[in-house]
Each structure stands twice: as C-alpha cells, then as structure tokens.
Amino acid sequence: MKKILVTGGCGYIGSHTLLDLIGHGYEVISVDNNSRSNTRLIQGVEKITGRKIKNYKVDLCDFDDTHAIFAENDDIAGVIHFAAYKAVGESVERPLLYYQNNLASLINLLRCIEEYQVPYFVFSSSCTVYGNPDSIPVTEETPQKPAESPYGSTKQMGETIIQAFAQKSSTQCILLRYFNPAGAHPSALIGELPIDRPQNLTPVITQTAIGKIPQLTVFGNDYPTRDGSCLRDFIHVCDLAHAHTLAIQFLIEKKNKSNCEVFNLGTGDGITVLEAIRAFEDVNDVKLNYTIGPRRPGDVVAIYANKDKAEQQLGWKPKFTLRDIMETAWKWEKQLQEDETLFTQQNSRLN
Ligand code: WQD
C-alpha cells in the first residue's frame with residue numbers, strides 16, 4: 001500500500017483528499033500545524049473511513065521538524081502539498097506573512113523530497129495564476145498575467161520553484177490549478193471550516209442563510225458579464241479531491257510526458273455570482289438576504305476552465321453540479337449549527 005503524505009490534511013481540500021486517497025487504497029499521513037485549522041475535519045475522515053489518521057502537528061517553515069517526518073517515514077511514495085495561507089484580502093494586508101509562510105514551507109518540503117528521493121509531488125496551485133485572462137475559458141497554455149494579490153503571486157512563484165526543482169530532480173511533479181472549490185462531502189461530516197469570518201462566496205452564502213452573517217454583499221454588478229456580477233467556475237471539493245488521487249495514479253503509471261505537468265481543475269462552466277446565489281435559493285428553498293455593493297479590489301472579472309487536458313489525460317470527470325455544491329454546503333452549515341447548539345447545551349449543563 002503506497003504511503004502519501006498530505007500537507008494541510010486538517011484543512012478543507014486536504015481532508016477531502018485524505019478521504020479519497022483512503023477510498024482508493026492508499027495509506028495516508030498528514031502534516032498540519034493547525035494554525036488555520038483544527039482536528040474536526042480529520043476526525044470526520046476517521047469517522048467516515050473507520051481508520052485512524054496520523055497528523056504531525058508541525059510547521060513546515062521549521063526545516064528540522066519537517067525533516068524529522070521524512071526520517072520517520074522513509075517509505076513516503078508521494079507528497080500532496082496543500083498547506084498554505086489562502087486569503088486573498090489578508091495577503092494584500094500582510095504580504096510578508098504570505099511570502100514567508102507559503103514559500104519557506106514549500107522550499108523546506110522540496111529539500112526533504114530531494115533528500116529522500118520521494119518519487120511523486122502534487123502541488124495545490126490556483127487559477128489565480130492567470131490573473132485577469134484576455135480570453136476564456138483558459139487552458140493550461142493561457143499566458144499568466146501579473147498576480148492580482150500576494151497570495152496569487154506565491155502560487156506563481158511556487159510553480160516556478162517547482163518547475164526549476166523538477167528539472168534537476170528525479171521526482172515527478174504535477175501542478176493542479178483549482179478554480180473555485182466549494183461544497184462539502186454529502187455525509188456532512190466534513191466540509192469547509194473557516195476559522196474566522198469567511199472570504200469565499202459559498203461559505204459567506206451559507207453563513208448568511210444560517211444567520212451568522214446579517215447580509216451578503218455582492219461585490220459589484222456593473223461588470224461586463226451577462227448579469228453584471230463576476231463570473232467563476234465552481235468545482236465541488238469531492239471532484240477536486242478525486243483529481244489528486246488520479247494525479248498520483250497518473251505518475252505511478254508513468255503517463256506523464258514531462259517531469260512537471262500542469263492541469264486545470266474546473267467544471268468548464270462559467271457561473272456568475274448572482275446565478276450562484278439563485279442556485280442556492282432554489283435548491284434549498286431559502287431566501288438569501290443580500291445587497292449589491294462596490295467592487296472588491298483585485299477581483300478577476302471572469303474566468304472559467306477549459307478542462308480537456310485533465311479529462312483526457314487524468315481521466316477526470318467532475319460529477320457534482322452547482323446545485324449539488326449549494327445543497328451539500330447548506331447541509332454542512334446546518335450540521336455545524338446543530339453541533340454548536342449541542343456543545344453549548346452540554347457546556348451549560350456542566351457549569
Ligand atoms: C468569488 C466571487 C467575489 C464574497 C479566491 C482565490 C482562489 C481560491 C478561491 C483558494 C468574486 C464574489 C465573494 C462575498 C461576493 N483560493 N463575492 N461577496 O476571489 O474568485 O478566488 O478564492 O482556494 O485561488 O483567488 O473567490 O469566493 O472570494 O470570490 O460578491 O461576500 O464572489 O467578488 O467575484 P475568488 P471568492
């Protein structure tokens with residue numbers, strides 16, 4: 001059974017990927033310092049699979065601590081690297097925090113992968129590397145534009161570092177460019193768990209619907225799109241997770257033509273912000289309290305994926321729809337509220 005190290009395994013996409021890897025016969029270990037996560041999601045994966053998962057609570061910016069994981073697990077066949085800060089707005093406010101964290105952790109990891117000659121490496125990249133594309137849908141060959149934020153720039157720099165590393169290493173690498181991850185596992189045992197106020201659209205929608213956020217603001221409806229709001233490509237987190245398993249399998253079967261392959265991971269459907277809100281309201285029969293506000297600086301006007309390469313080469317076929325995204329996201333938000341209510345009741349009985 002091949003062992004895969006998942007960094008950021010306690011996070012949103014990391015936990016769903018742990019689940020998918022286990023379901024496809026892999027042994028998994030996680031490293032996550034829980035600076036932006038807690039153990040709830042990995043416990044959810046354990047509940048679904050009935051398997052215990054080892055998480056090393058280590059900061060990848062500490063080389064010695066990172067190295068110790070590889071010394072203890074010299075049979076790691078592959079690494080899937082999610083652990084990074086990802087809030088676009090925060091990265092504008094605190095650029096050095098983002099460059100330091102996202103790049104130092106990546107370089108430490110690659111140094112260990114090189115020393116232990118780990119055969120496979122999959123990197124969590126983002127459609128943000130395309131900036132504001134001149135034409136859509138974007139393919140993997142669409143030229144990159146200057147990043148709109150330090151977060152996006154750490155993804156572009158990360159890809160450059162990995163491409164240079166791959167030229168001089170026996171490790172076979174894949175860069176996966178996510179579009180907009182959303183939704184939750186149908187069991188509602190794992191999902192997106194923002195530590196503080198969410199930035200991304202879908203958790204803001206569900207927290208508005210449940211009453212945690214009083215009103216959602218649509219950041220602009222005067223864009224050159226079919227209804228004036230921004231256009232995005234929302235991909236269900238379970239489809240996204242499965243693409244990582246397929247990427248590892250692709251490398252094991254030596255199907256890669258170069259030692260650093262790039263794949264877009266989006267549905268190929270462009271959906272506007274207002275259409276996403278309407279889909280949420282329709283599928284859940286919930287009226288959302290929202291207003292139209294000013295544009296958000298740094299927002300890309302419109303982007304969605306040409307997913308042909310991932311479909312043809314990885315055999316990846318996204319199966320969840322936008323309605324599934326909004327239904328599973330809402331089910332997860334209601335589960336969170338139920339658990340919080342139960343926790344509060346138990347606490348009040350104890351005090
Ligand atoms: C989507 C649209 C907002 C909140 C970023 C990163 C990407 C990935 C996902 C990590 C935009 C609008 C949002 C709100 C709104 N990062 N919106 N009101 O900016 O497309 O992508 O997050 O995985 O790499 O670039 O995602 O969800 O923040 O915004 O109107 O309260 O929803 O303006 O048009 P984004 P997002």
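A polar contact is a pair of N or O atoms within 3.5 Å. With that cut-off, the surroundings of the ligand can be described in this predicted model.

**The ligand and its shell**

The side chain of R296 has an N or O atom 2.9 Å from an oxygen atom of the ligand. Two further contacts of this kind involve N200 and L201. For N200, a side-chain N or O atom is 2.9 Å from a ligand oxygen atom. For L201, a backbone N or O atom lies 2.7 Å from an oxygen atom of the ligand. Taken on its own, the ligand has 690 Å² of accessible area, and the protein covers 93% of this. Helix 7 and strand 8 (216–219) are the elements that give two or more residues to the shell around the ligand. Strand 8 provides the largest share, three residues. There are 18 residues around the ligand, and S126, L201, T217, R232 and D299 come nearest.

**The loop before helix 7**

E192 belongs to the loop between strand 7 (180–182) and helix 7 (201–210). Is E192 buried or exposed? E192 counts as buried because its relative accessibility is 12%, and buried means under 20%. Leaving aside residues up to four places away in sequence, E192 touches Y12, K86, N200, P203, W332 and L336. N200, one of these residues, also has the side-chain contact with the ligand given above.

**Aromatic rings**

The model has four aromatic pairs. One of them is formed by F250 and F263, which meet edge-to-face. This pair links distant parts of the chain: F250 is in helix 8 (residues 237–252) and F263 in strand 11 (residues 260–265), 13 residues apart. F250 is buried, at a relative accessible area of 3%, and F263 is buried too, at 0%.

F280 and W330 are also paired, and their planes stand at 80 degrees, so this pair is edge-to-face. F280 lies in helix 9 (residues 273–284) and W330 in helix 11 (residues 322–350), 50 residues apart. Both F280 and W330 are buried.

The geometry of these two pairs is listed below.

| Pair | Centre to centre | Angle between planes |
|---|---|---|
| F250 and F263 | 5.6 Å | 90 degrees |
| F280 and W330 | 5.5 Å | 80 degrees |

**Charges over rings**

Two tyrosine rings have a charged end over them. K54 places its charged end over the ring of Y56, 4.6 Å from the ring centre. The charged end of R295 sits over the ring of Y223, at 4.0 Å from its centre.

How values were computed: Residues numbered from 1 in each chain as written. Predicted model: local features only at pLDDT ≥ 70, side-chain atom pairs only at ≥ 80, totals over all residues. Heavy atoms only, no water. Helix = DSSP H or I, 4+ residues; strand = E, 2+ residues; numbered from the N terminus. Buried < 20%, exposed > 50% of the residue type's maximum accessible area, 1.4 Å probe, protein only. Contact = heavy atoms within 4.5 Å. Phe/Tyr/Trp six-rings, centres within 6.5 Å; stacked < 30°, edge-to-face > 60°. Lys NZ or Arg CZ within 6 Å of the ring centre and 35° of its normal. Near = heavy atom within 4 Å. Polar contact = N/O pair within 3.5 Å; in protein donor to acceptor, adjacent residues only side chain to side chain. Areas by Shrake-Rupley, 256 points an atom, 1.4 Å probe, with all protein chains shown as cover.
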